[in-house]
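Student: I've got a new structure open on my screen and I'd like to talk it through with you. Could we put it up here and go over it piece by piece?
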Amino acid sequence: MRLRRERAELVVVGAGPAGLCAAATAARQGVPVVVLDENTYTGGQLRKQIHRFFGSGHHFAGLRGFEIADILADEAKGCGADIRLGSFVQGFFPSGELMVEGEGEVYLVEPEAVVLCTGAMERALPFPGWTLPGVMGAGAAQTLMNLHRVLPGRKVVMVGSGNVGLIVAYQLLQAGAEVQAVLEISSRVGGYRVHETKLRREGVPIFLRHRLVAALGNGEVEAVVAEDMERGVYRRWEADCLCLALGMSPLVELAAMRGCRMVYVPELGGTLPWHSQEMTTSVPGIFVAGDAAGVEEASVAMDEGRLAGLGAARFLGRLGDEEYRKAAEEIKERLTVLRAGSGTEAKRRARESLWRDELRGPGR
């Protein structure tokens with residue numbers, strides 16, 4: 001059976017913050033844009049965020065994530081982007097074709113340019129009891145709470161004190177769960193002070209230098225054990241839910257299938273497509289943005305998407321070099337400010353090495 005084919009000027013894969021911003025930016029320059037996303041909703045991770053964002057007006061400071069998701073989706077649609085939800089991109093062939101499953105069929109799309117905004121996935125950690133019901137990623141717990149209105153557990157232990165761990169722990173409190181503890185193997189909290197302070201104010205203990213040992217239970221999680229690495233003793237908490245906030249890894253399968261050169265940058269989540277400061281990859285006409293280009297904050301993803309959208313418009317001949325330069329420089333300046341915050345120095349240095357193309361092959 002021959003597959004149906006269609007042509008497209010620009011395809012954006014992913015309708016999260018990066019993808020929606022890329023689509024709107026390119027569409028404003030007169031580029032016909034098709035956005036493909038396997039989910040049934042737009043906004044990606046923003047859809048699960050119920051806390052207020054901070055920053056600047058460009059990043060919707062003061063609004064909650066799900067509100068920002070609606071704004072970005074309306075903006076992209078208003079600019080003429082064709083957003084196709086429930087559309088799973090199964091492959092990205094060296095010929096340049098995308099294989100898409102959606103709308104009751106499998107078909108091929110032949111784009112002139114592509115922006116990959118495929119996001120990232122949660123990291124797992126094998127340990128005794130890690131397959132017990134009740135052990136889950138922090139993002140999974142957030143999905144249950146904020147999208148499906150299901151409380152993942154009554155007594156919860158959170159592993160990881162980065163922003164995701166701290167934010168989800170606080171949202172669990174808001175949903176009615178009792179957060180027994182936040183465990184962190186490092187000697188300091190990894191997330192922003194504002195999130196840490198909110199948790200401590202609610203009486204949630206944060207245990208530094210504590211290593212997760214096991215989840216215990218008969219058919220489901222009933223307790224969590226961790227080692228105090230300073231004292232050499234073990235602690236145990238009664239719990240029916242163990243959440244893991246161990247970081248994210250970029251989803252890069254499509255970029256790799258297309259033949260984009262891959263590099264390993266642990267500070268940005270691991271293996272990712274090499275890309276320039278303008279979000280161009282090693283394959284002409286293929287751009288990358290958001291967590292697929294290195295795991296950072298949603299505000300960074302938005303501006304990376306805008307930068308990729310501008311680059312795609314220029315590549316397609318819809319934007320002149322001088323117009324591109326002026327608009328791109330403004331976005332780059334905002335990204336510099338966003339990346340100047342506390343705890344981001346290692347990521348900033350890694351990005352600069354990436355842009356200078358100092359990373360070779362699959363390793364450092």
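Student: To begin with, how many cavities of 30 Å³ or more does the structure hold?
Tutor: This is a predicted model, and the structure holds one cavity of 30 Å³ or more. About 40 Å³ of space lies in that largest cavity.
Student: Which residues line the largest cavity?
Tutor: The lining is made by Leu-116, Thr-118, Leu-251, Val-252, Leu-254, Ala-255, Pro-273, Val-288 and Ala-292. Sorted by class, the lining of the largest cavity has eight nonpolar residues, one polar residue and no charged ones.
Student: OK, and the pockets? How much space lies in the second largest pocket?
Tutor: The second largest pocket holds about 200 Å³ of space. There are 13 residues along its lining, and those closest to the centre of the pocket are His-51, Arg-52, Tyr-170, His-195 and Lys-198.
Student: Which elements give two or more residues to that lining?
Tutor: Those elements are helix 4 and helix 5, and helix 4 gives the most, with five residues. Taken by class, the lining of the second largest pocket has six nonpolar, four polar and three charged residues.
Student: Then I'd like to look at those two helices. At what angle do helix 4 and helix 5 pack?
Tutor: Helix 4, which covers residues 163-175, and helix 5, which covers residues 193-201, pack at an angle of about 35°, and their axes are 9 Å apart. The crossing in which helix 4 passes helix 5 is left-handed.
Student: Which residues make the contact?
Tutor: From helix 4 the contact is made by Asn-163, Leu-166, Ile-167, Ala-169, Tyr-170 and Leu-173, while helix 5 brings His-195, Glu-196, Lys-198 and Leu-199. By class, this contact of helix 4 with helix 5 has six nonpolar, two polar and two charged residues. You have already met Tyr-170, His-195 and Lys-198 among the residues closest to the centre of the second largest pocket.
Student: What about helix 3 and helix 4, how far apart are their axes?
Tutor: The axes of helix 3 (residues 138-146) and helix 4 are 10 Å apart, and the two helices pack at an angle of about 30°. Their crossing is left-handed. On the helix 3 side you find Ala-138, Ala-141, Gln-142, Met-145 and Asn-146, which meet Val-164, Ile-167, Val-168, Gln-171, Leu-172 and Ala-175 in helix 4. By class, the contact of helix 3 with helix 4 has eight nonpolar, three polar and no charged residues.
Student: Switching to strands now. What is the strand order in the open sheet of five strands?
Tutor: The five strands come in the order 8-15-9-10-11, and their pairing is parallel. Strand 8 (135-137) and strand 11 (206-208) stand at the edges, where each has a single partner strand, so one side of each is left without a neighbour in the sheet. Neighbouring strands of this sheet are turned against each other by 20° on average, with direction ignored.
Student: Over how many bridges do strand 9 and strand 15 pair?
Tutor: Strand 9 (residues 155-159) and strand 15 (residues 241-244) pair in the parallel sense over four bridges, and Val-159 has Leu-244 in strand 15 as its bridge partner. Helix 3 packs on this sheet as well, touching strand 8, strand 9 and strand 15, and the direction of helix 3 makes about 90° with that of strand 8.
Student: And the sheet of three strands, is the pairing parallel or antiparallel?
Tutor: The pairing there is antiparallel, in an open sheet with the order 12-13-14. Strand 12 (210-216) and strand 14 (233-238) are at the edges with a single partner strand each, so one side of each is left without a neighbour in the sheet. Six bridges join strand 12 to strand 13 (residues 223-228), and Leu-212 stands opposite Ala-226 in strand 13.
Student: How many residues lie between strand 13 and strand 14 in their hairpin?
Tutor: Four residues lie between them, and Gly-232 in the turn has a positive phi of about 70°. Strand 13 and strand 14 pair over six bridges in the antiparallel sense, with Ala-223 opposite Glu-238 in strand 14.
Student: Last one: which residue in the turn between strand 17 and strand 18 has a positive phi?
Tutor: That residue is Gly-269, with a phi of about 110°, in a hairpin that has four residues between strand 17 and strand 18. Strand 17 (residues 262-265) and strand 18 (residues 270-273) pair in the antiparallel sense over four bridges, and the bridge partner of Val-265 in strand 18 is Gly-270.

Notes: Residues numbered from 1 in each chain as written. Predicted model: local features only at pLDDT ≥ 70, side-chain atom pairs only at ≥ 80, totals over all residues. Heavy atoms only, no water. Axes fitted to C-alpha atoms, helices over the stretch in contact; angles between N-to-C directions. Left-handed = near helix turned anticlockwise from the far one by under 90°. Contact = heavy atoms within 4.5 Å. Nonpolar A, V, L, I, M, F, W, Y, C, P; charged D, E, K, R; others polar. 1 Å grid on protein atoms, 1.4 Å probe; cavity = no way out; pocket = protein on both sides within 12 Å on 5 of 7 lines; lining within 4 Å. Points joined across faces, edges and corners; volume = space filled by probe spheres on them. Pairing = 2+ DSSP bridges.
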